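Trainee: I've got a protein model to look at and no idea how to read it. Can we go through it together?

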Amino acid sequence: MTVYKAKDIVKQGTVSITASVVIDSFAGTVLNAKLETLLTLPVLLILIPCLMDMTGNMGCMIGSKIATYLHLGLVRPKIERSPYLEKYAVTMIVVAALSSLYLTFLAMTASYFLGLKGVEPVKILIIVLVTGVSTSVIAIIVGVVAGFVTYRYGWDPDNTTIPIVTAVCDVIGALLLISVALAVGLI
Amino acid sequence: MFKNTIRQGLLTQFVSLTIDVLAGIGLALMRGALEELPGMLIMVPAFLQMRGAIGGTLASRLSSALHVGIIEPRLKLSKELLQNIIGTLILSLVLSVLIGCLAHFMCLLFGFTSAGFLTLLLLSLIAGALSSLVITLVTVIMTIKVYQRGLDPDVIMGPIITTLGDVVSIPCLFLAALVLMAMGL
């Protein structure tokens, strides 16, 4: 007998990953609604996987940190002021803002080398900064709530928080990317 | 604020984004396929999410198994390793079918043009099969190698696998699209 069974891996994986894949299909649907615009402004296509990767990383860091705080008892699963969480949230927002600056630089460089037209640096910066920072704020809120709820149910938040946070962030990220691009008049 | 968290968080983000921008460039380069196969863009976020989740959980299980000693830190196909690989490949196939169906269903639900149920299903299946072979192989080898070096795969592999997943998935989707377009579907 082996400790790992392919059957169990499939069974347990199906539940959590299926949920995240279904949520993520809505992110794709939001993008698909603006397919024609995205095809004429490929810099936005470059940003899609990167923004999702960036907020996914935020979600992973926040999700596993909250799980650790709960396990260590530094944070109680209650809605109350917590110096640890507040400090961590501010730290994460700083990381998100600086990462957004870097992503703008990367996207501009990539567009330059691909010879893409219609790329306006200031507008791209606003889109990435607003989307990156607001999605990270939402990642913190969803991460805290998902961590608290699963912990109170007696589940291990290490297993549940990350897929939930990353999938929700993808949907919000897609919505914000399109909305901010519309708001600054890029599309 | 936590100075260490900022430093490590930024390091993770910068490395991850520098690699992931290649996935973005890939997506920008395949706009012909996105136009030719309507509904394909719907599956992109879900596909990347699936790849990251399956690769990440595989790395995390292997890491635990290496720490506990269930799997030896050698590149040898043991029974435990085989079960992990089979489970991962089946999971990829099941979820690829689901993603293909979801993309077509979303088109119907929101009134978008769809390349067709069969086309989207095949697209997801071919891309899913290709990318899962690559990612599973890379994850197994890298996790064991990282452990052999005395590093902790629990800490390192998560961000690496999700990022590599993006960079591998986009070309696989592109390749699958090219195959389907060549077949005239």
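Mentor: Sure, and let's begin with a term you'll need: a salt bridge is a side-chain nitrogen of Lys or Arg within 4 Å of a carboxyl oxygen of Asp or Glu. Keep in mind that this is a predicted model.

Trainee: How many salt bridges does a search of the whole structure find?

Mentor: The general idea comes before the count: side chains of opposite charge can pair when their charged atoms come close. In this structure, the search over all chains gives 4 salt bridges.

Trainee: Which residue forms a salt bridge with Arg81(A)?

Mentor: That's Glu86(A), and the closest N and O atoms are 3.2 Å apart. Now look at how open each partner is. Arg81(A) has a relative accessible area of 72%, so it is exposed. Glu86(A) is at 35%, so it counts as partly exposed.

Trainee: Where's another one in chain A?

Mentor: Try Glu120(A) and Lys123(A), whose side chains meet in a salt bridge at 3.4 Å, N to O. Glu120(A) is partly exposed because its relative accessible area is 36%. Lys123(A) is partly exposed too, because its value is 22%; the buried class only begins under 20%.

Trainee: And what about chain B?

Mentor: There, the side chains of Glu72(B) and Arg74(B) meet in a salt bridge, with 2.9 Å from N to O. Salt bridges that share partners tie Glu72(B), Arg74(B) and Lys76(B) into one network. Glu72(B) has 43% relative accessibility, so it counts as partly exposed. Arg74(B) is also at 43% and is partly exposed.

Trainee: Let me zoom out. How do I read the overall build of a chain?

Mentor: Count the helices and strands, then read their order along the sequence. Chain A comes to 6 helices and 0 strands, and its pattern reads α-α-α-α-α-α. Chain B also has 6 helices and 0 strands, with the pattern α-α-α-α-α-α. For extent, the C-alpha trace of chain A spans about 55 × 45 × 25 Å along its principal axes. The C-alpha atoms of chain B fill a box of roughly 50 × 45 × 25 Å.

Trainee: What share of the residues in chain A is buried?

Mentor: Buried residues make up 53% of the 187 residues in chain A. In chain B, 50% of the 185 residues count as buried.

Trainee: What do contacts tell me about how a chain folds back on itself?

Mentor: Look at how far apart in sequence the touching residues are. In chain A, among contacts between residues at least 6 apart, 79% join residues at least 24 apart. For chain B, residues 24 or more positions apart account for 78% of the contacts with a separation of 6 or more.

Trainee: Can we try that on single residues?

Mentor: Take Ser111(A), found in helix H4 (residues 83–114) of chain A. Ser111(A) counts as buried because its relative accessibility is 2%. Leaving aside neighbours within four places in sequence, Ser111(A) is in contact with Val43(A), Ile46(A), Leu116(A) and Val119(A).

Trainee: Is Met54(A) buried or exposed?

Mentor: Met54(A) is buried, because its relative accessible area is 0%. You'll find Met54(A) in helix H3 (residues 42–72) of chain A. Beyond residues up to four places away, Met54(A) touches Ala96(A), Ser99(A), Ser100(A), Leu103(A) and Gly132(A), and also Gln13(B) and Leu17(B). For a sense of distance, Met54(A) and Val43(A) are 11 residues apart in sequence and 16 Å apart in space, C-alpha to C-alpha.

Trainee: Two of those residues are in chain B, so how do I read the whole interface?

Mentor: The size of an interface is often given as the accessible area lost when the parts come together. Here, the area buried between chain B and chain A is about 5000 Å², and carbon and sulfur atoms give 77% of it. As for residues, 56 of chain B are in contact with 59 of chain A.

Trainee: How many salt bridges are there across the interface of chain B and chain A?

Mentor: The rule finds 0 there.

Trainee: Last one: what can I say about the surface and the charges?

Mentor: Ask which atoms supply the surface, then where the charges sit on average. Chain A exposes about 8200 Å², with 68% from carbon and sulfur atoms. Chain A has 12 positive and 10 negative side chains, and the centres of the two sets lie 6 Å apart. Chain B has an accessible surface of about 7900 Å², of which 70% belongs to carbon and sulfur atoms. The mean positions of the 10 positive and 8 negative charges of chain B are 10 Å apart.

Technical notes:
Residues numbered from 1 in each chain as written. Chains lettered and ligands numbered in written order. Predicted model: local features only at pLDDT ≥ 70, side-chain atom pairs only at ≥ 80, totals over all residues. Heavy atoms only, no water. Helix = DSSP H or I, 4+ residues; strand = E, 2+ residues; numbered from the N terminus. Buried < 20%, exposed > 50% of the residue type's maximum accessible area, 1.4 Å probe, protein only. Contact = heavy atoms within 4.5 Å. Areas by Shrake-Rupley, 256 points an atom, 1.4 Å probe, with all protein chains shown as cover. Lys, Arg positive; Asp, Glu negative; His and termini not counted. Charge placed at Lys NZ, Arg CZ, Asp CG, Glu CD. Buried area = accessible area lost by both parts, 1.4 Å probe.
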